[in-house]
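Let's take a walk through this structure, starting with the overall layout and then zooming in on a few residues. Keep the 3D view open as you read.

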Amino acid sequence: MASTPGGSSAARVRAAAGVCGRAQHPPLIRVDDHDGEGSPHLHLAPNGEDAVTWLGRSCAAALAHVVCGDLAVTIGHCHAADCERFHVDDSRNRTRHFCSNACASRTTVAAHCGRRKETG
């Protein structure tokens, strides 16, 4: 799954719908102004929900926003062998390949060891 600036809007909508649809706690978005006591803003979960459900709803909404809200954000899959993680590529030139320094280092070491075996 990669969301790139050149990605179609239909693909972004499908991705965002997929994120929210598969979430254990999908966001329940509503506009609230706290009975005129504040300015209108979005709530992603009903008041009074337990912390885990509230956090799940908020995270699903935030991920959907990243997928379709900011055309400059790229979401990528880690290139390390046996790693299933995704990452947000916020690097200057959008060239991030790994979810963490550990995966990048492990891949670099494996490539180095492979070259050493080939040369004998």
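Before we start, a word on naming: helices (H or I, at least four residues) and strands (E, at least two) are DSSP runs, numbered from the N terminus. Keep in mind too that what you're looking at is a predicted model.

First, the big picture. The chain has 3 helices and 4 strands, and reading from the N terminus they come in the order α-β-β-α-β-β-α. There are 120 residues, of which 25% count as buried. About 8400 Å² of the chain is exposed, with carbon and sulfur atoms supplying 58% of that area. If you look at contacts between residues at least 6 apart in sequence, 33% of them join residues at least 24 apart.

Now follow the chain out of helix H1, which covers 9-22, and you land on Ala-23, in the loop that leads to E1. Ala-23 is partly exposed, with a relative accessibility of 23%. Try picking out Ala-61 as well: Ala-23 and Ala-61 lie 38 residues apart along the chain, yet their C-alpha atoms are separated by 9.6 Å.

Next comes strand E1, residues 30-32, where you'll find Asp-32. Is Asp-32 buried or exposed? Its relative accessible area is 14%, and since anything under 20% counts as buried, Asp-32 is a buried residue. Its side chain makes a polar contact of 2.9 Å with the side chain of Arg-30. Leaving out residues up to four places away in sequence, Asp-32 touches Ser-39, Pro-40, His-41, His-43 and Asn-47.

Val-31 sits in E1 too, but this one is exposed, at 61% relative accessibility. Val-31 also belongs to a nonpolar surface patch, together with Ile-29 and Leu-42, and the accessible area of the three comes to about 320 Å².

Let's move on to the other pair of strands. E3 (residues 74-77) and E4 pair in the antiparallel sense, over 4 bridges. In a regular strand, side chains alternate between the two faces of the sheet. You can see that pattern along E4: His-87 and Asp-89 point to one face and are buried, whereas Phe-86 and Val-88 point to the other and are not.

Asp-89 deserves a closer look. This residue is in strand E4, which spans residues 86-89, and the residue standing opposite in the pairing is Thr-74. With a relative accessible area of 2%, Asp-89 is buried. Which residues does Asp-89 touch, not counting those up to four places away in sequence? They are Thr-74, Arg-94, Thr-95 and Arg-96, so Thr-74 turns up both as a contact and as the residue opposite Asp-89.

What does the side chain of Asp-89 reach? One target is the backbone nitrogen of Thr-95, at 3.2 Å. Another is the backbone nitrogen of Arg-96, at 2.9 Å. Finally, look a little further along the chain to Cys-99: Asp-89 and Cys-99 are 10 residues apart in sequence, with a C-alpha to C-alpha distance of 8.9 Å.

Definitions and conventions. Residues numbered from 1 in each chain as written. Predicted model: local features only at pLDDT ≥ 70, side-chain atom pairs only at ≥ 80, totals over all residues. Heavy atoms only, no water. Buried < 20%, exposed > 50% of the residue type's maximum accessible area, 1.4 Å probe, protein only. Contact = heavy atoms within 4.5 Å. Polar contact = N/O pair within 3.5 Å; in protein donor to acceptor, adjacent residues only side chain to side chain. Patch = residues over 30% accessible without salt bridge, like charges linked within 9 Å, V, L, I, M, F, W, Y side chains within 5 Å. Areas by Shrake-Rupley, 256 points an atom, 1.4 Å probe, with all protein chains shown as cover. Salt bridge = Lys/Arg side-chain N within 4 Å of Asp/Glu carboxyl O. Pairing = 2+ DSSP bridges.
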